[in-house]
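Let's walk through this fold one contact at a time. Keep the viewer open and rotate as you read.

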Amino acid sequence: MSHPHPELTLPPPLPEGALRVVALGGLGEVGRNMAVLEYGGRLLVIDCGVLFPEDHQPGVDLILPDFDYIHERLDDIEAIVLTHGHEDHIGAVPYLLRLRDDIPVIGSQLTLAFVEAKLKEHRITPLTLAVAEGETEQLGPFSCEFVAVNHSIPDALAVAVTTGAGTVLHTGDFKMDQLPLDGRITDLRAFARLGEKGVDLFMVDSTNAEVPGFVAPERGIGPVLDSVFAESSKRIVVASFASHVHRVQQVLDAAAAHDRKVALVGRSMVRNMAIASELGYLKVPDGVLVDAKKIDDLPDDEIVLMCTGSQGEPMAALSRIANNDHKISVGPGDTVILASSLIPGNENAVYRVINGLTRLGARVVHSGNAKVHVSGHASAGELLYCFNILRPRNVMPIHGEVRHLVAAGALAVQTGVPADRVVLAEDGVVIDLVDGRASVVGAVPCGYVYVDGSSVGGITEAELKDRRILGDEGFVSIFAVVSSADGKVLAGPQIHARGFAEQDEVFEDILPELTAALEEAARSGTADTHQLQQVMRRVVGRWVSNRLRRRPMIIPVVVEA
């Protein structure tokens, strides 16, 4: 991926006593968050998440951070510190532990429980260390103090990493809801204390930096859900992230108030909520939860389905319901609530799901027409508070697209951070903290690593381009048999097309020209089948482009006899 410094070369060796920061994901995109800190020859990884594919990445399941930078230095990694349990921060941990399975994984109780459940599916038993806010752990040369932050998942932590080069405060994802459902607020007193000691580099969540003011409190959603439940006469389906414990709690409470039962739908939703309930983060009212297999035994006005798919993911429950491809169906009188915000890049997929559900007759309630979601990320007003409380010497916006990073940097400058102390970087850009000043010193290769079924990193951009051509322009195969003696066409050419509105017969017009081109090539001394295949490719490609205005993938095959 490109970055704001296209002229950058590989960085020089790290000066003695300096700290290096390299983001391998999460800068210039919303997802696959991962930062690598280096000091004294040792590495500390903060977060290791995945990015979900977009429409122009057909067949891709997940996108991982690029581990190439650390591949030869796996033994230098002290630990993986996880800020919270969302997929874009923990989803790639199994793929890193496949390379070295004894890297200690550090995080809060709920975060580690989610990671361990995920690792069990990969048959990896990790070395873990549970930490809580207010605690400090010495991980090699890195002293890590953990600070409570409020987010859309319980048990989120910021981490202050102190080395001989200074202190880096990494917020993870956070906001400053002053009335959170679990009573656990972002610890601004700890932020102020760290600011008094001196924060040399503030790595700050930038996702909502363009949004003015303050994020609305989560408590405001409860009454909205309550009113939607009161107005609903038949089934209610609520879609949310599988890890959004607070939202599931509000749905359980609303269901209990309206004498409805809740069934959890989707493997990840069932797994995560079982973990959250077992650890005490989710309080399930007596008798409210029922098995999804029993929903047909209950009247429609007594059931709530809590499922995944709020981002329009094609294989998630809600998309399949919208496509009539799920054992659960919706129709007139049913209500569907999308209790999440739109992640940038997912808009088309989400609107496709909304349209599909509406076509089936359901009433769809979403963040565009009701207050059924609030963001988990600090808005501009909250970020200004943080900059003023911390008075950091250097600021590095993280977790966001380029526009978000630039907006967060502008806010820092407004509070008095010198513009030359705001580091704007994208994935792979290398930042060194030397004598209290952070500066860009180079860049390392840092591409997308695609997971496609069981293949990790096997899919290249060229192959994705081929898939896009196949999907958009179609496919043409050409077969011919030529004489090895004189180059005469003995059989064919035969042309078959897929992905065309026209029938194969349309290609009959080009067959005489194709035969003539092959025989002309043979007369001029071309005997190599590969060269004859290229002749067929050029003739058919030119004809299809001129006649049909298409640029399909063309596969020519010439056999000698």
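Helix 11 passes helix 12 in a right-handed crossing. This is a predicted model, so treat what follows as a reading of predicted coordinates. The two helices, with helix 12 covering residues 402-414, pack at an angle of about 50°, and their axes are 9 Å apart. An angle under 35 degrees would count as roughly parallel and one of 65 to 115 as roughly perpendicular; helix 11 and helix 12 fall into neither class and are therefore oblique to each other.

Which residues make the contact between helix 11 and helix 12? From helix 11 come Ala380, Leu383, Leu384 and Phe387, and they meet Ala408, Leu411 and Ala412 of helix 12. Sorted by class, that contact has seven nonpolar residues, with no polar and no charged ones.

Helix 11 also has a sheet to deal with. It lies across strand 11, strand 12 and strand 19, and it runs at about 165° to strand 12. The sheet in question is an open one of six strands, ordered 8-9-10-11-12-19, with mixed pairing. Strand 8 (136-139) and strand 19 (395-398) are its edge strands, each pairing on one side only. On average, neighbouring strands here are turned by 20° against each other, direction ignored.

A second helix packs on this sheet: helix 5 (residues 188-197) touches strand 9, strand 10 and strand 11 (166-170), and its direction makes about 145° with that of strand 9.

Now follow the strands at the strand 8 end. Strand 8 and strand 9 run antiparallel and are joined by four bridges, with leucine 139 standing opposite phenylalanine 142 in strand 9. The two strands form a hairpin with two residues between them, and glycine 140 in the turn has a positive phi of about 60°. Moving on, strand 9 (residues 142-148) pairs with strand 10 (residues 157-163), again in the antiparallel sense, over six bridges. There, alanine 148 sits opposite leucine 157 in strand 10.

What about ring contacts? The count comes to three aromatic pairs. One of them joins phenylalanine 202 and phenylalanine 387 edge-to-face, at 5.8 Å centre to centre with 85° between the planes. This pair links distant parts of the chain: phenylalanine 202 belongs to strand 12 (residues 201-205) and phenylalanine 387 to helix 11 (residues 380-390), 185 residues apart. Phe387 is also among the helix 11 residues that meet helix 12.

The other sheet to look at is an open one of eight strands, in the order 7-6-5-3-2-1-20-21, and its pairing is mixed as well. Strand 7 (128-130) and strand 21 (437-443) stand at the edges with a single partner strand each, so one side of each has no neighbour in the sheet. Neighbouring strands are turned by 25° against each other on average, direction ignored. For a detail inside this sheet, take strand 3 (residues 42-46) and strand 5 (residues 77-81): they run parallel and four bridges join them. Leucine 44 stands opposite alanine 79 in strand 5.

Two more helix pairs are worth a stop. Helix 6 (residues 221-231) packs with helix 7 (residues 245-257) at an angle of about 45°, their axes 9 Å apart, which makes helix 6 oblique to helix 7. Their crossing is right-handed. On the helix 6 side, Ile221, Gly222, Leu225, Asp226 and Phe229 meet Arg247, Gln250, Val251, Ala254, Ala255 and Ala257 of helix 7. The residues of this contact divide into seven nonpolar, two polar and two charged.

The last pair is helix 4 (residues 109-121) with helix 8 (residues 267-278), packed at an angle of about 135° with axes 10 Å apart. That angle makes helix 4 oblique to helix 8, and helix 4 passes helix 8 in a right-handed crossing. Here Leu110, Ala113, Phe114, Ala117, Lys118 and Glu121 in helix 4 meet Arg267, Arg271, Asn272, Ile275 and Ala276 in helix 8. This contact has six nonpolar residues, one polar and four charged.

Conventions. Residues numbered from 1 in each chain as written. Predicted model: local features only at pLDDT ≥ 70, side-chain atom pairs only at ≥ 80, totals over all residues. Heavy atoms only, no water. Pairing = 2+ DSSP bridges. Axes fitted to C-alpha atoms, helices over the stretch in contact; angles between N-to-C directions. Parallel < 35°, antiparallel > 145°, perpendicular 65-115°, else oblique. Left-handed = near helix turned anticlockwise from the far one by under 90°. Contact = heavy atoms within 4.5 Å. Nonpolar A, V, L, I, M, F, W, Y, C, P; charged D, E, K, R; others polar. Phe/Tyr/Trp six-rings, centres within 6.5 Å; stacked < 30°, edge-to-face > 60°.
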